[in-house]
Structure formats: C-alpha cells, structure tokens
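The following paragraphs lead a new reader through a structure, chain by chain and then across the place where two chains meet. Please keep the sequence and the model in view while reading.

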Amino acid sequence: MNGEINGSLNMIGYGLAAIGPGIGIGLIFAAYISGVARQPEARGVLQSIAILGFALAEALAIIGIGLAFALN
Amino acid sequence: MSTSVLAVEGGEGFVSPGPSTFVYPPIFGEGTFLTKPMLIVILGSALIAVLMFLATRRASVVPSKGQFVGESLYGFVRNSIALDAIGKPGMKYVPYLATVFFFLATMNIAGIVPLVQFPATSRIAFPLILAVISCVIFNAIGIKRHGLGGYFKDMMFPPGIPWPVYILLAPIEFVSTIIIRPLTLTLRLTFNMFAGHLVLVLFILGGEYLIFEYSGVVGIAAGTVAILGSLILTAFEGFVQLLQAYVFTLLSALYIGGALADEH
C-alpha cells in the first residue's frame, strides 16, 4: 500500500501527551471506586475529592489540546 | 492509508473542521459588533434572570413547582459546593458561586440546545473574565482575613519546612496562586467546550459528507453510524458541560476556602 498521510504532527504529539492524564484519571477513579466500595458512607466526601483530582489531572490534557491548535 | 481516500471523484474532498468553526462574523454585517456567542450570552443571562425571578416571585413556605426547582438548584450549590468545600463561613459566598454555576451551566448547555448549538464558553473571553473575577475575590478574601503580609506569608512560606527550600518554594507558590490558578480555570473550561464542540461538528459534518457526497453502500452505512454516534456524543457532551460548570464553581469555592483557612 502506497499512501501518504497529511496533517499536523501536533496531533500525534497531543495523542502522546494525553496518555499521562489518561492514566492519571484512571488511577484517581480507581481509588475513588475502591474507597466507596470499602466505605459506602464516605461517598459524599470522596466524590468532591475525586472530581477535584480529575479536574487537576485533566487540565494537563486540556492544555495539550490548546497547544496542539495554538502552535501551528 | 491516505485521508484523501474519502474524496469523491473530481470533488473537493472532506475538509475536517478546525478552529475557524469558532469564528462568527457579526450578525448585522460588517462594522457591527454583535456576534452569535455574544447573543447567546445576552439571551442566556436574560433567561436565567427571568426563570429565577419567576421561581422566587411568590415565595411561600409550601413551595410551588417553580419555586421548588429554583430552590433545589440553589440548594445544590449551597450544600454540595459551598458547605462541602468551604464549610460554615461559605454561606456568605453562595450568591457568587450560584451565579457562576448557573451562568456557566447555561452557556455550556447552549452547546447542545438545538438551533443554538454553540457553547459560548468555548470563546476564551468569557471563562477568562470569570476566572479573573474568582481570582480577585479569593485573594481579596485572604488579604481581608489575614492582612496583606499575613496572607502572602501563609501562601509563600508554609511552616514546617527547612528554610533553604523557601528559595525554591516561595516563587512557585506565588506564581501558582496568582497566575496558574486563574489560567487553569480558564483553559480547562474553554478547551473542554472547544474540544467537545469540535468533536460534535466533526461527527455531524463527516456523517453528512459520507451520506450525501461519498454515498454508495459504504458511505451511507458509515455516515449513519457517524450520525448515530453524534447523538450519543451529544448526551455525553451534556454531561461534560454540567460537570465543567460544577468543577469551575467547586474550584472557585476551594480557593476561597483555602484563602479563609488559618494555615495552608
């Protein structure tokens, strides 16, 4: 097969950069789920902590997508 | 495989949507200033104001349906954002937090409302202004609570650390509180909406292109899948949009709580 790929290398960079936050968010919610499974009554407290951690980890991926478009 | 596989014989090929999707010309032609995002902000704000006014107009002990909905939404901000993140002193800041939450939720949800379908918050100006307001508020609260010197001392020199570390830590803490916090608030909201809207536009335009331009059995089948996928993604976007409004408000509340706390 003799094809060519067009597009910006930025997008590959963004795909690689998204791996880290992806793993991070997975770990955060894994910890949240096992925490709730062990202690269901702690759900309310854990939920806001989990969402806070999710938001902080996700910011990295979001900065990545911003830069992928900004740095042409 | 080349992306031009999708091109129709002699056609232009599919051009995937880019950042230019977010640029709208003025509605009333060149020289005027009113654009679609601005119109969404104005109408959305008016909508919240009218709904909240109607919900609280004849407030009674036994609430009507409208009053119940309005009070539940306000109560959500009060209980699961202000009280959870700040505690008892947070009651003072519920009006600001509720305003931010309702404003952002409406502007975000505009992204999946039929016929409107543009999240106004994907234009960076709106989240930026709100993040700057939040930043000014939590710094002002901290300075009011601890005094100017005390606030910056608490922020930059947390106790219990050997002193040489402060050379490194103090500038980092300062930059992270004054600059990084509003910046991440802005970027998180903006690019969540930006990316979500872009994905929706890509699925819908791509599906339309596959069905009507590429056509054939393969095109129609793939296009149908893309259009159905766009429906699922719309529901997912609605979830993300509410979540992001919640996250913005929760982080603002946590920063206020941090500024109020006696020790960092």
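Helices and strands are here DSSP runs, numbered from the N terminus, with at least four residues for a helix and at least two for a strand. The model described is a predicted one. In these terms, the elements of chain A follow the order α-α-α from the N terminus, and the chain has three helices and zero strands.

The overall form of chain A can be judged from its radius of gyration. That radius is 17 Å, whereas the globule rule gives 11 Å for 72 residues, so chain A is more spread out than a compact globule. The C-alpha trace of chain A spans about 60 × 30 × 10 Å along its principal axes. Of the 72 residues in chain A, 11% count as buried. When contacts between residues at least 6 apart in sequence are considered, 71% of those in chain A join residues at least 24 apart.

Chain A also meets chain B: 15 residues of chain A are in contact with 16 residues of chain B. On the chain B side, the elements that give two or more residues are helix H2 (65-85), helix H6 (164-214) and helix H7 (216-260). H6(B) provides the largest share of this side, six residues. By class, the side of chain B that touches chain A comprises 10 nonpolar, four polar and two charged residues.

Within chain B, helix H3 (residues 94-109) deserves separate attention. At 1.5 Å a residue, its 16 residues should span 22 Å, and the end C-alpha atoms of H3(B) are indeed 22 Å apart. Is this helix enclosed or exposed? Because 12 of its 16 residues are buried, H3(B) is largely enclosed by the rest of the structure. Among these buried residues are Leu97(B), Phe101(B), Phe102(B), Phe103(B) and Asn108(B). The buried residues of H3(B) pack against helix H1 (36-57), H2, helix H4 (125-146), H6 and H7 of chain B.

The loop between H3 and H4 of chain B contains Leu115(B) and also Gln117(B). Leu115(B) has a phi near 75 degrees, a positive value in a residue other than glycine. Gln117(B), which is not a glycine either, has a positive phi of about 45 degrees. As to their surroundings, Leu115(B) has 4 C-beta neighbours inside 10 Å and therefore counts as exposed. Gln117(B), with 16 other C-beta atoms within 10 Å, is partly exposed.

How values were computed: Residues are numbered from 1 along each chain as its sequence is written. Chains are lettered from A and ligands numbered from 1 in the order in which they are written. This is a predicted model: local features need pLDDT of at least 70, side-chain atom pairs count only at pLDDT 80 or more; totals for chains, interfaces and linings use all residues. Two residues are in contact if their C-beta atoms, placed from the backbone, lie within 7 Å. Ala, Val, Leu, Ile, Met, Phe, Trp, Tyr, Cys and Pro count as nonpolar, Asp, Glu, Lys and Arg as charged, and the others, Gly among them, as polar. The radius of gyration is taken over C-alpha atoms; the globule rule is 2.2 Å times the number of residues to the power 0.38. A residue is buried if 20 or more other C-beta atoms lie within 10 Å of its own, exposed if 12 or fewer, and partly exposed in between; C-beta atoms are placed from the backbone. The expected span of a helix is 1.5 Å times one less than its number of residues.
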